[in-house]
Amino acid sequence: MSLKFEKETIRHATETVPGGLANIPRDGPLPGTSGKHPIAEKIGTAITGGKKNAGTRGYLMAYINALEKNPLRTKMLTAGTLAGLQELLASWLAKDRNKHGNYFTARVPKMAAYGALISAPLGHFLIWCLQKTFKGRTSLRAKILQILVSNLIVAPIQNVVYLVAMALIAGARTFHQVRATVRVSFMKVMKVSWITSPLCLAFAQQFLPEAAWVPFFNVVAFIIGTYINTMTKKKRLAALRKKHFGDGRSGSVAGGRPESDYPPVGPNPPY
């Protein structure tokens with residue numbers, strides 16, 4: 001949803017600590033660690049690539065290498081996985097089950113397909129165009145102009161496509177239904193993009209190496225998207241309870257929704 005402003009040219013870095021594994025005593029600290037907290041360091045090493053990758057950047061570096069070798073494929077797999085997981089997590093947080101009482105609804109694979117087949121390729125192409133336009137321009141004026149273009153041209157395109165896809169996934173079947181969704185939600189989504197994108201970009205420019213930008217923006221987008229999705233589901237559940245039970249304190253079917261309100265495509269807003 002928010003603009004993933006990323007560097008297409010990723011530095012191929014596999015930094016290791018001086019000396020490597022060969023020069024570390026068997027009973028000494030793991031490469032890349034101080035030895036002051038051995039238990040925490042062993043756990044950290046285990047979840048970031050194991051001893052064979054000690055002293056390197058582990059899984060993060062493996063992901064960055066994959067971005068360098070196969071950028072589009074890696075982004076498609078990442079976006080698809082995160083979009084599906086985001087929908088599943090938001091349903092669980094909001095207690096939003098389908099009529100069978102499951103959190104894994106028909107919307108989860110559809111969101112994963114949107115992330116992999118639409119969102120990732122579109123973002124890849126738009127950012128490539130943006131970076132090609134500003135290639136070699138490193139002045140402060142060029143950086144500011146690049147941020148403006150990304151927020152006034154690239155982000156609106158991405159968000160319109162996102163809203164259209166969400167409307168279709170939610171059950172919209174006519175042009176008027178899709179247009180109504182875009183008109184109602186567009187400025188709300190744009191405000192989120194205009195707030196988060198410059199802040200995240202400024203943070204990345206100040207504190208993160210370029211190689212860590214892509215994972216950072218993926219994590220930020222996942223967190224924000226999960227929060228918005230969760231709040232949307234909670235509001236919709238509350239509205240349905242009020243519609244059917246007045247004050248929302250009466251009993252209901254799985255997840256707090258009356259079964260009669262389930263639209264044809266999973267637990268999505270009825271059109």
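Start with helix α5, which gives the most to a nonpolar surface patch, with 7 residues. The model on screen is predicted.

**Stop 1: the nonpolar patch**

Select L140, I144, L145, L148, L152, I153, I157, M187 and W194; together they make a nonpolar surface patch of about 840 Å². Two elements, α5 (140–170) and α6 (175–207), each give two or more residues to this patch. Colour these two helices separately to see how the patch is divided between α5 and α6.

Next, pick W194, one of the patch residues. W194 is found in helix α6. Its relative accessibility is 36%, so W194 counts as partly exposed, since partly exposed covers the range between under 20% and over 50%.

**Stop 2: a buried asparagine**

Go back to helix α5 and select N159. Is N159 buried or exposed? With a relative accessible area of 0%, N159 is buried. Now show the side chain of S193 as well: a polar contact of 3.1 Å joins the side chains of N159 and S193.

**Stop 3: the aromatic rings**

The count of aromatic pairs comes to 5. For one of them, select F203 and F207: their ring centres are 5.0 Å apart, the planes stand at 45 degrees, and the pair is tilted. Both residues lie in helix α6, with their positions 4 residues apart in numbering, about one turn of the helix. The two rings can also be described by accessibility: F203 is partly exposed at 38% relative accessible area, whereas F207, at 57%, counts as exposed.

Keep F203 selected and add F216. How far apart are the centres of the F203 and F216 rings? The distance is 5.3 Å, and the planes are at 25 degrees, so the pair is stacked. The cut-off behind that label is an angle under 30 degrees. F203 belongs to helix α6 and F216 to helix α7 (residues 213–245), so this pair ties together parts that are 13 residues apart in sequence.

Finally, add F217 to the selection. Which residues form one aromatic cluster with F217? They are F203, F207 and F216. Within this cluster, F203 takes part in the tilted pair with F207 and in the stacked pair with F216.

**Last view**

Show helix α6 alone and label W194, then F203 and F207. W194 marks the patch, while F203 and F207 belong to the aromatic cluster.

Methods. Residues are numbered from 1 along each chain as its sequence is written. This is a predicted model: local features need pLDDT of at least 70, side-chain atom pairs count only at pLDDT 80 or more; totals for chains, interfaces and linings use all residues. Side-chain values use heavy atoms; hydrogens and water are left out. Patches are made of residues with over 30% relative accessible area and no salt bridge: like charges are joined within 9 Å, nonpolar side chains (Val, Leu, Ile, Met, Phe, Trp, Tyr) within 5 Å. Accessible areas come from the Shrake-Rupley method with a 1.4 Å probe; for residues, only the protein chains shown count as cover. A salt bridge is a side-chain nitrogen of Lys or Arg within 4 Å of a carboxyl oxygen of Asp or Glu. Buried means under 20% relative accessible area, exposed over 50%, partly exposed in between (1.4 Å probe, protein chains only). Rings of Phe, Tyr and Trp (its six-membered ring) pair if their centres lie within 6.5 Å; planes under 30 degrees apart count as stacked, over 60 as edge-to-face and the rest as tilted. A polar contact is a pair of N or O atoms within 3.5 Å; within protein, one must be able to donate a hydrogen and the other to accept it, and residues adjacent in sequence count only if both atoms are side-chain atoms.
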